[in-house]
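Work through the exercises below with the sequence and the 3D view open. Try each task before reading its solution.

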Amino acid sequence: MADALSVIPAAVLRNLSDKLYEKRKNAALEVEGIVKQLASSGDHEKISAVINLLTTEFTYSPQANHRKGGLIGLAAATVGLTSEAAQHLEQIVPPVLNSFSDQDSRVRYYACEALYNIAKVVRGDFIIFFNQIFDALCKLSADSDANVQSAAHLLDRLVKDIVTESDQFSIEEFIPLLRERMNVLNPYVRQFLVVWITVLDSVPDIDMLGFLPDFLDGLFNMLSDSSHEIRQQADSALSEFLQEIKNSPSVDYGRMTEILVQRAASPDEFTRLTAITWINEFVKLGRDQLVPYYADILGAILPCISDKEEKIRVVAHETNEELRAVKADPAEAFDVGAILSIARRQLDSEWEATRIEALHWISTLLNRHRAEVLCFLNDIFDTLLKALSDSSNEVVLRVLEIHACIAQDPLHFRQLLVFLVHNFRVDHSLLERRGALIIRRLCVLLDAERVYRELSTILEGEADLDFACIMVQALNLILLTSAELSELRELLKQSLVNAAGKDLFVSLYASWCHSPMAIISLCLLAQTYQHASAVIQSLVEEDINVKFLIQLDKLIRLLETPIFAYLRLQLLEPRRYIWLLKALNGLLMLLPQQSAAFKILRTRLKTVPSYSFNGDQLRRVSSGNPYSQILHHSGSQITEDGDINQDNGNLQNGINFASRLQQLEQMQQQHRMLAKSQARNSSTSLSKEGPKAEPRQPPTSDTNKPPSRSSRRGPGQLQI
């Protein structure tokens with residue numbers, strides 16, 4: 001310090017800390033001249049002493065005017081050093097940078113001015129302090145004082161010029177600082193950062209694209225800024241980078257994809273659109289490189305397919321199709337399980353379009369990688385079953401297509417129908433709302449006869465008798481009314497003359513026994529009229545209840561539809577189809593006379609031609625239960641015209657109707673016992689609780705405890 005004091009006159013030092021700017025300026029010019037003389041003589045030791053004096057006694061002084069003078073003095077010393085200033089920068093620059101955070105705004109202003117003058121002198125040698133200068137400028141860009149901001153902007157422009165022309169700038173050292181600052185929310189800082197990114201990207205020798213993943217998220221974050229100008233600048237920068245990506249032969253898609261996937265879920269509409277647009281380009285450009293990220297990309301696309309903004313929906317749909325068009329191999333890091341997991345989660349989406357596309361993906365994977373998908377079947381099967389309750393018919397139909405594809409294997413076929421029956425049992429609303437749609441579609445996709453045979457086998461052993469009755473009635477109604485089951489009906493019509501029809505009739509009969517009305521309908525369809533008459537006459541008081549009459553009403557109305565046109569035409573030959581006539585008259589006798597169904601059937605029967613009947617036929621038909629003899633002669637068989645054969649070798653196409661009738665009565669006996677048990681439980685509950693009755697409890701089984709039949713909507717209310 002003594003050397004410095006001997007070089008700089010006391011008057012100069014006194015004026016350097018004067019409150020008047022002009023005196024400080026003149027003193028700085030004196031310092032510049034002194035340093036210039038020392039530099040010309042090569043006395044760098046004294047120059048260092050002068051710089052040290054200006055730093056310790058002035059820039060770090062508690063007096064604001066001293067600090068101002070010190071800053072002007074350091075700038076003047078640098079100007080005096082000219083080309084030799086580089087070797088003293090380690091002394092000069094740090095105290096100036098320290099002044100950027102001074103509490104006095106005028107000191108901060110002079111710090112900007114001083115560094116500006118220093119930078120003009122040293123130019124490229126200045127780069128070694130770039131990170132510190134950049135950080136200081138970043139903070140000054142949001143300074144509360146307008147003059148300081150203005151001075152900082154001038155310095156910033158000069159620094160940009162120096163960096164763009166320098167070959168010493170290190171982007172690797174700068175990026176960590178940039179990444180850290182990208183999280184700042186101040187609009188002035190954000191604008192400062194975007195401009196710098198744009199400037200650096202414009203320099204050919206600086207590879208900003210290679211470091212894009214480090215600050216890409218920050219740029220996307222700016223797209224939702226409240227300032228229109230910042231949003232516009234960020235969007236412009238992103239557009240430029242995207243264009244560079246398209247033209248670049250080597251791009252790190254992976255890290256950027258992770259960022260884009262997160263931003264595609266942004267609450268900001270513009271951010272979502274930009275992110276999904278980038279993803280769209282990545283899928284087109286990256287293709288095989290993006291295989292490990294397909295699941296993440298799909299997770300971003302599917303929600304956007306249902307976005308409220310049409311532009312986003314359009315791009316998302318296009319991206320989805322592009323992604324599906326890429327036929328990747330599981331051996332190439334294509335994770336089938338991860339994609340299935342994403343699709344399964346999206347099935348819970350509130351948006352129909354998203355759920356449909358998720359199902360489309362599952363279907364696509366099944367077609368391309370069936371073995372791999374079946375390995376994850378346990379993970380998605382319950383969700384697919386749950387989707388059958390979806391409010392959208394299109395979703396349900398797509399789910400059924402997937403189920404049908406899975407059920408191509410016999411094991412999975414039975415598993416599907418067992419689970420389906422279980423779901424109908426535990427969720428009665430599903431049977432009412434979707435039962436017909438599900439069964440009909442499965443019949444189209446999997447073969448109606450196969451579906452009905454398997455369902456019949458499952459229901460035959462159903463422990464919940466109430467549910468079994470309702471389910472059989474639903475299946476029967478679908479069988480009688482659905483266009484998809486026309487071939488099945490034609491096969492059943494041949495039950496008496498065709499072995500395949502007979503096998504189907506017998507197969508369905510076993511479970512149809514849960515409902516007398518379903519059996520009667522089946523017999524009328526199969527043209528086993530004599531057996532239909534026998535079933536009608538076997539009914540007892542407990543069988544004929546409100547639910548039975550509701551089903552009967554539906555059957556009578558169905559008899560007037562085109563499906564039963566053949567039956568109505570057979571009434572033109574009453575002598576040939578005398579058992580049909582008796583069966584219909586039996587149904588008429590069961591109906592209340594004031595009901596609409598009674599009037600419909602009576603009107604129909606009045607149109608039967610009054611031809612003369614064979615006397616033997618009339619006596620035989622009027623003799624009561626046509627199986628009264630058969631029940632006592634196990635070897636007897638019956639043909640359709642009512643003849644009783646005793647030869648034991650010629651059953652009517654192999655159908656033992658007497659045995660079938662016994663099977664029906666045994667099953668109905670179980671239903672009657674259940675009804676009596678429920679009635680007793682209800683009476684007991686009423687007597688204990690008074691007016692508050694507990695819900696009726698059905699018999700328990702080893703697998704479930706379904707609600708009682710009385711707690712459900714009537715079986716006649718299935719939606720077709």
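The exercises that follow concern a predicted model.

**Exercise 1. Cysteines**

Task: Find how many disulfides the structure holds, and examine C513.

Solution. Step 1: recall that a disulfide is a covalent bond between the sulfur atoms of two cysteines. Step 2: the count for this structure is 0 disulfides. Step 3: for C513, look up the nearest cysteine sulfur, which belongs to C523 and is 9.5 Å away. The cut-off for a disulfide is 2.5 Å, and C513 is in no disulfide. Step 4: check the accessibility. C513 has 0% relative accessibility and therefore counts as buried. C443, at 5%, counts as buried too.

**Exercise 2. A residue at the start of a helix**

Task: Decide whether L89 is buried or exposed, and list what L89 touches.

Solution. Step 1: locate L89 in helix α6, which covers residues 89-99. Step 2: the relative accessible area of L89 is 1%; buried means under 20%, so L89 is buried. Step 3: leave aside the neighbours within four places in sequence; L89 is then in contact with P94, I118, V122, D125, F126 and F129. Step 4: take F129 from that list. F129 lies 40 residues from L89 along the chain, and their C-alpha atoms are separated by 9.2 Å.

**Exercise 3. An enclosed helix**

Task: Explain why helix α8 (residues 130-140) is described as largely enclosed.

Solution. Step 1: count the buried residues. They make up 8 of the 11 in α8, so the helix is largely enclosed by the rest of the structure. Step 2: name them: F130, I133, F134, D135, A136, L137, C138 and L140. Step 3: find the cover, which includes α6, α7, α9, α10 and α11.

**Exercise 4. Two packed helices**

Task: Describe how α31 and α34 pack.

Solution. Step 1: two packed helices are described by the angle between their axes and the distance between the axes. Step 2: for α31 (residues 546-558) and α34 (residues 596-606), the angle is about 35° and the axes are 9 Å apart. Step 3: the crossing of α31 past α34 is left-handed. Step 4: α31 contributes D553, I556 and R557 to the contact, while α34 contributes A596, A597, I600 and L601. Step 5: sort these residues by type, which gives 5 nonpolar, no polar and 2 charged.

**Exercise 5. The core**

Task: Find which helix gives the largest share of the largest nonpolar core.

Solution. Step 1: this core has 242 residues, and L219 is one of those with the most contacts inside it. Step 2: the largest share, 11 residues, comes from helix α26 (residues 465-481).

How values were computed:
Residues are numbered from 1 along each chain as its sequence is written. This is a predicted model: local features need pLDDT of at least 70, side-chain atom pairs count only at pLDDT 80 or more; totals for chains, interfaces and linings use all residues. Side-chain values use heavy atoms; hydrogens and water are left out. Buried means under 20% relative accessible area, exposed over 50%, partly exposed in between (1.4 Å probe, protein chains only). Axes are lines fitted to C-alpha atoms, for helices over the stretch in contact, and angles run from 0 to 180 degrees between N-to-C directions. Helices (H or I, at least four residues) and strands (E, at least two) are DSSP runs, numbered from the N terminus. A crossing is left-handed if the near helix is turned anticlockwise from the far one by less than a right angle, and right-handed if clockwise. Contact means heavy atoms within 4.5 Å. Ala, Val, Leu, Ile, Met, Phe, Trp, Tyr, Cys and Pro count as nonpolar, Asp, Glu, Lys and Arg as charged, and the others, Gly among them, as polar. A nonpolar core is a set of buried Ala, Val, Leu, Ile, Met, Phe, Trp, Tyr and Cys residues joined through side-chain atoms within 4.5 Å.
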